[in-house]
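Colleague: Before I use your helix descriptions, I would like to see what stands behind each term.

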Amino acid sequence: MASLWQYANPQKFLAVSRAVLPFVAGGAAICLVVGLVWGFFFTPDDYKQGSTVKIIYLHVPAALMAINAWLMMLVASLIWLVRRHHVSALAAKAAAPIGITMTVIALVTGAIWGEPMWGTYWAWDPRLTSFLILFLFYLGYSALWQAIESPDAAADLTSVLCMVGSVFAILSRYAVNFWNQGLHQGASLSLDKEENVSDVFYLPLLVCIAGFILLFVALVLLRTQTEIRQRQLKALEARERMA
Amino acid sequence: MIALFWRDMRLAMRAGGGFGLGLSFFLILTVLVPFGVGPQSEILSVIAPGILWVGALLACLLSLDRIFALDFEDGSLDLLATAPIPLEGVVAMKAAAHWVTTGLPLVIAAPVLGVLLHLEGGAVRWLILGLIIGTPALSMIGAFGAGLTVGLKRGGLLMSLLVLPLYVPTLIFGAEVVKRGALGMEVQGVILILTAITLAVWALLPFAAAAALRINLR
């Protein structure tokens, strides 16, 4: 009976992802090139923010993917804990560095955007602070994977960390909102101010978001393949040593 | 389970137990801050509550790897895991002993050290209240982090990386209690949220920590 779970079999997963990867990667490349070129070069300057607002085409998709990567890791961790599919655990492990990179891109592009906008590279705005905390959670997750030798124990412990971390990430998000509102409603620094009401800005943004999603999927597929092959290699080496 | 609590307390109080370690670290940190920031009392009194809270966090962190690692190394943790008491209960009792030997002394020391940092008189009671409510959460969150890294040789730094981001909500609301209380603002909501975090952590994290310990004990 064919179902999604058949891809828990590493060989089936490798076969399918090898077939699918060129299309996903190609789609990602097309969307990214079209979206970024369109957004950076073919949209008019914003009347208020000038041309610096165009960094939004990198910033917003990266920020979206940073959070979605963590959600994907959470789901994959739950699948590992419940159904013990190694492919799922390895997919979560594979997604972490991509999530880290997306978070860094979001933070750095945000800083580059912030300098001309607010006159500062950094502000302890709730959103920025939440992203910094998310970055720390990612680092801890990856560090735990590296630190533990037994792959199954590592998968289990990082899954538990992912789940507890998700609860605390949401809690921190609201705590930080609370922390920064205080007496001063300094929220003139709202990053989701809809400058993009008109389609002129919005459509390229959608294309860029699609591009980043496809890029994430392609990279996760590729890295999961690598992780699976690495495990197979280790098993072969172990068998060699015992023979 | 109570016997386990008293055992851990006795072990912590003995010579090699590191009872004074957290307090000493707290003191040293409080002494170092004016060297770094400058001795003007206006500046110090503004940052005093924050420094004391961060110092409490770090001092808690220092003694956390003692919770499970020592028992793990000599095999007592295996015995505790197979004992007739639930492993979640073991975690809770160890975290409780950690709080009494580390968190509670910090709460008592905080106003004293606050004098060094020119902590405002009005802020002292809010600091104590926030610390009393918040430090148990620190102990339990730390127990979870210790459970994750119990098998590792040099897991201390990794544990800090895992645990400190989890401390952020407690730190935020604890510092808010002091800030708002000192200004005379409405503080009840913040105290309730801080209490909620502590209670939720104590209700739920023992299960996560016990799961982590079982994984490491395999």
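The questions below take two helix pairs in turn.

Modeller: This is a predicted model, where local features need pLDDT of at least 70, side-chain atom pairs count only at pLDDT 80 or more, and totals for chains, interfaces and linings use all residues. Residues are numbered from 1 along each chain as its sequence is written, and chains are lettered from A in the order in which they are written.

Colleague: Why is helix 2 of chain B called roughly parallel to helix 6 of chain B?

Modeller: The axes of helix 2 (residues 19–37) and helix 6 (residues 87–116) of chain B come within 10 Å and cross at roughly 25 degrees. Angles under 35 degrees count as roughly parallel, so helix 2 of chain B is roughly parallel to helix 6 of chain B.

Colleague: Which class of residue is absent from the contact of helix 2 with helix 6 of chain B?

Modeller: Residues are in contact if their C-beta atoms, placed from the backbone, lie within 7 Å. Those of helix 2 of chain B include Phe19(B), Phe26(B) and Thr30(B), and those of helix 6 include Pro105(B) and Leu113(B). By class there are nine nonpolar, four polar and no charged residues.

Colleague: What makes helix 3 and helix 7 of chain B roughly parallel?

Modeller: Helix 3 (residues 41–62) and helix 7 (residues 121–148) of chain B have axes that come within 10 Å and cross at roughly 25 degrees. The two helices are therefore roughly parallel to each other. Their contact includes Pro49(B) and Cys60(B) of helix 3 of chain B, and Thr135(B) and Gly142(B) of helix 7 of chain B. It has ten nonpolar, three polar and no charged residues.

How values were computed. Axes are lines fitted to C-alpha atoms, for helices over the stretch in contact, and angles run from 0 to 180 degrees between N-to-C directions. Helices (H or I, at least four residues) and strands (E, at least two) are DSSP runs, numbered from the N terminus. Angles under 35 degrees count as roughly parallel, over 145 as roughly antiparallel, 65 to 115 as roughly perpendicular and the rest as oblique. Two residues are in contact if their C-beta atoms, placed from the backbone, lie within 7 Å. Ala, Val, Leu, Ile, Met, Phe, Trp, Tyr, Cys and Pro count as nonpolar, Asp, Glu, Lys and Arg as charged, and the others, Gly among them, as polar.
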